[in-house]
Amino acid sequence: MEVIADAREESVLIMPKRTDAWLKLVHVVTDVEAALGRMLQERHGLGLSEYRALQILSRSPNSELRMQELASHLRLNQSSVSRMVERLERSGLTVRDLCPDDKRGVFAVLTDKGRSRLESAQPDYEAALTVAIKEHGCNELLSASFAKAG
């Protein structure tokens with residue numbers, strides 16, 4: 001019983017530090033994403049999720065994905081992605097196409113105009129991301145994470 005009590009005491013001491021670190025990370029990510037979103041909207045007329053959707057579609061085979069796959073990549077619900085793709089379609093950046101194997105399935109497809117907008121926005125996105133990461137002191141954290149993964 002003494003070992004369990006010691007473990008609980010240690011856990012109580014560690015938890016506030018871990019919770020504080022987690023909250024700090026959440027705030028940093030939120031701040032970085034807000035800065036990226038503002039820049040993309042001001043310079044390119046794109047929201048952050050829209051930019052990410054164009055980026056994901058550009059990296060997909062034939063520059064297309066089923067709507068539910070795009071939703072999964074973006075970590076958004078299907079309804080939100082449908083509305084977003086509709087906005088992108090009105091701007092000529094994507095089109096929707098029926099799945100040839102399953103007429104109920106719908107693909108989001110990147111257009112040439114969408115690829116061009118993405119390519120125009122990418123340097124600004126990368127520059128803004130670099131600045132935001134430096135401002136928040138995340139260089140070492142990201143470098144260490146990628147070194148372990150690679």
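Leaving aside neighbours within four places in sequence, Leu70 is in contact with Ala53, Ile56, Leu65, Val81, Val85 and Ala108, where contact means heavy atoms within 4.5 Å. The model is predicted, so local features need pLDDT of at least 70 and side-chain atom pairs count only at pLDDT 80 or more, while totals for chains, interfaces and linings use all residues. Residues are numbered from 1 along each chain as its sequence is written, and side-chain values use heavy atoms, with hydrogens and water left out.

Leu70 and Val81 have the most contacts inside the largest nonpolar core, which has 31 residues. Such a core is a set of buried Ala, Val, Leu, Ile, Met, Phe, Trp, Tyr and Cys residues joined through side-chain atoms within 4.5 Å; buried means under 20% relative accessible area and exposed over 50%, with partly exposed in between (1.4 Å probe, protein chains only). At least two residues of this core come from each of helix 1 (2–44), helix 2, helix 3, helix 4, strand 3 and helix 5 (112–135). Helices (H or I, at least four residues) and strands (E, at least two) are DSSP runs, numbered from the N terminus. In soluble globular proteins, nonpolar side chains tend to be buried together.

The chain has six helices and three strands, in the order α-α-β-α-α-β-β-α-α along the sequence. Of its 150 residues, 31% count as buried.

Helix 4 holds the buried residues Val81, Met84, Val85 and Leu88. These cover an arc of only 100° around the axis, which puts them on the same side of helix 4; the arc is that of the directions from the helix axis to the C-beta atoms. Their cover includes helix 2 (48–58), helix 3 (67–74), strand 2 (94–98) and strand 3 (106–110). At the start of helix 4, a side-chain oxygen of Asn77 comes to within 3.1 Å of the backbone nitrogen of Ser79, a polar contact being a pair of N or O atoms within 3.5 Å; within protein, one must be able to donate a hydrogen and the other to accept it, and residues adjacent in sequence count only if both atoms are side-chain atoms. Just after helix 4, Gly92 takes a positive phi of about 80°.

Two residues other than glycine also have a positive phi.

| Residue | Phi | Loop | Relative accessible area |
|---|---|---|---|
| Ser63 | near 55° | between helix 2 and strand 1 (64–66) | 10%, buried |
| Arg75 | near 60° | between helix 3 and helix 4 | 71%, exposed |
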